[in-house]
Amino acid sequence: MLQVNEIFYSFQGEGTHTGIPAVFVRLAGCNLSCRFCDTDYSLKALLGVDDVLAQVQTLSPECPTVILTGGEPLAQTQTPDLIDALARNGRRVHIESNGTVPVPLSEDVWLTVSPKERLHSSMAARANEIKLIVDERVPLEWLDQFPLATPAFLQPENNKPKNVALAMAAIAANPKRLRLSVQTHKLVGAR
Ligand code: SF4
């Protein structure tokens, strides 16, 4: 069974795919405990892969993208089965991970890695994009662990002006490597 927090329809507010519609599957539980974490990843339901698929289908029969988030979505042993089932259902799967759990992923899966601690080298190598959370400091120390070509976003925690200013200064100092990601869903009052 999968430990699930919520399943909902919205749009991707962050990173490379900002603006695309998506069904979000927030899996419960996380293997880290970050000071700035503002995500409710408590366990709300135990669901089989087919149950999750049915809820995705009900929320949107046509939406091409399903985003698995958390918590840490790759910390659950049934997540690869869910990824396979979603792909068979014709969905593009995106995963938002802290990069600590090494899981082989097909090339079709889009992987966002937001490192906080214990980053696994295989997930750093596999990442399609990097999301560094700026929370009173810019954690640039992670950059060297990723391939140079991987797009690297600085995301100010909760869009706070002080964090935005820190991110903008860092981007100005390293414009070839860094770009800004604001949480646009929060700006427009979406989930
Ligand atoms: S890895 Fe993400 S979900 Fe887990 S505690 Fe840290 S910020 Fe929260």
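# Briefing on the predicted model

Strand β2 is mostly covered, with six of its seven residues buried. The model described here is predicted. Strand β2 belongs to an open sheet of nine strands, whose order is β3-β1-β2-β4-β5-β6-β7-β8-β9 and whose pairing is mixed. The edges of this sheet are β3 (45–47) and β9 (178–180), each of which pairs on one side only. From one strand to the next, the twist averages 35°.

**Strand pairing in the sheet**

- Strands of a sheet pair through backbone hydrogen bonds, and the sense of pairing is either parallel or antiparallel.
- Strands β1 and β2 are joined in the antiparallel sense, over seven bridges.
- Residue pairs between these two strands include Phe-11, whose bridge partner in β2 is Pro-21.
- Phe-8 is placed opposite Phe-24 of β2, and Ile-7 is placed opposite Val-25 of β2.
- Val-25 also stands opposite Leu-68, a residue of β4.
- The pairing of β2 with β4 is parallel and extends over four bridges.
- Strand β1 pairs with the edge strand β3 as well; the sense is antiparallel, and there are three bridges.
- Within that pairing, Leu-2 has Leu-47 of β3 as its bridge partner.

**Helices on the sheet**

- Helix α1 lies across four strands, namely β1, β2, β3 and β4, and runs at about 15° to β1.
- Helix α2 also packs on the sheet, where it touches β1, β2, β4 and β5.
- The direction of α2 makes about 150° with that of β5.
- Helix α2 spans residues 79–88, and its buried residues are Thr-79, Leu-82, Ile-83 and Leu-86.
- These four residues lie on the same side of α2, because they cover an arc of only 100° around the axis.
- The elements against which the buried residues of α2 pack are β1 (2–11), β2 (21–27), α1 (49–59), β4 (65–69) and β5 (92–97).
- Just after α2 comes Gly-90, which takes a positive phi of about 85°.

**Surroundings of the ligand**

- Which residues are around the ligand? They are Cys-30, Leu-32, Ser-33, Cys-34, Cys-37, Thr-39, Tyr-41, Gly-70, Gly-71, Glu-72, Asn-98 and Lys-116.
- By character, this shell divides into five nonpolar, five polar and two charged residues.
- Two residues of the shell, Gly-70 and Gly-71, are linked by a cis peptide bond, with omega near 10°.
- Gly-71 is located in the loop between β4 and α2.

**Backbone conformations in loops**

- Most residues other than glycine have a negative phi, and most peptide bonds are trans.
- Arg-118 is not a glycine, yet its phi is positive, near 50°.
- The position of Arg-118 is in the loop between β6 (110–113) and α3 (121–126).
- Is Arg-118 buried or exposed? Arg-118 counts as exposed because it has 11 C-beta neighbours inside 10 Å, and a residue is exposed if that number is 12 or fewer.
- Glu-136 likewise is not a glycine and has a positive phi, of about 70°.
- Glu-136 is placed in the loop between β7 (129–134) and β8 (152–156).
- With 10 other C-beta atoms within 10 Å, Glu-136 is therefore exposed.

**Glu-129 in strand β7**

- Glu-129 is a residue of strand β7.
- Glu-129 counts as buried because it has 22 C-beta neighbours inside 10 Å, where a residue needs 20 or more to be buried.
- Setting aside residues up to four places away in sequence, Glu-129 touches Gly-15, Thr-16, Thr-112, Thr-150, Pro-151 and Phe-153.
- How far apart in space are Glu-129 and Thr-150, C-alpha to C-alpha? The two residues are 5.6 Å apart in space, while they are 21 residues apart in sequence.

Terms used:
Residues numbered from 1 in each chain as written. Predicted model: local features only at pLDDT ≥ 70, side-chain atom pairs only at ≥ 80, totals over all residues. Arc of directions from axis to C-beta. Contact = placed C-beta atoms within 7 Å. Pairing = 2+ DSSP bridges. Axes fitted to C-alpha atoms, helices over the stretch in contact; angles between N-to-C directions. Near = placed C-beta within 6 Å. Nonpolar A, V, L, I, M, F, W, Y, C, P; charged D, E, K, R; others polar.
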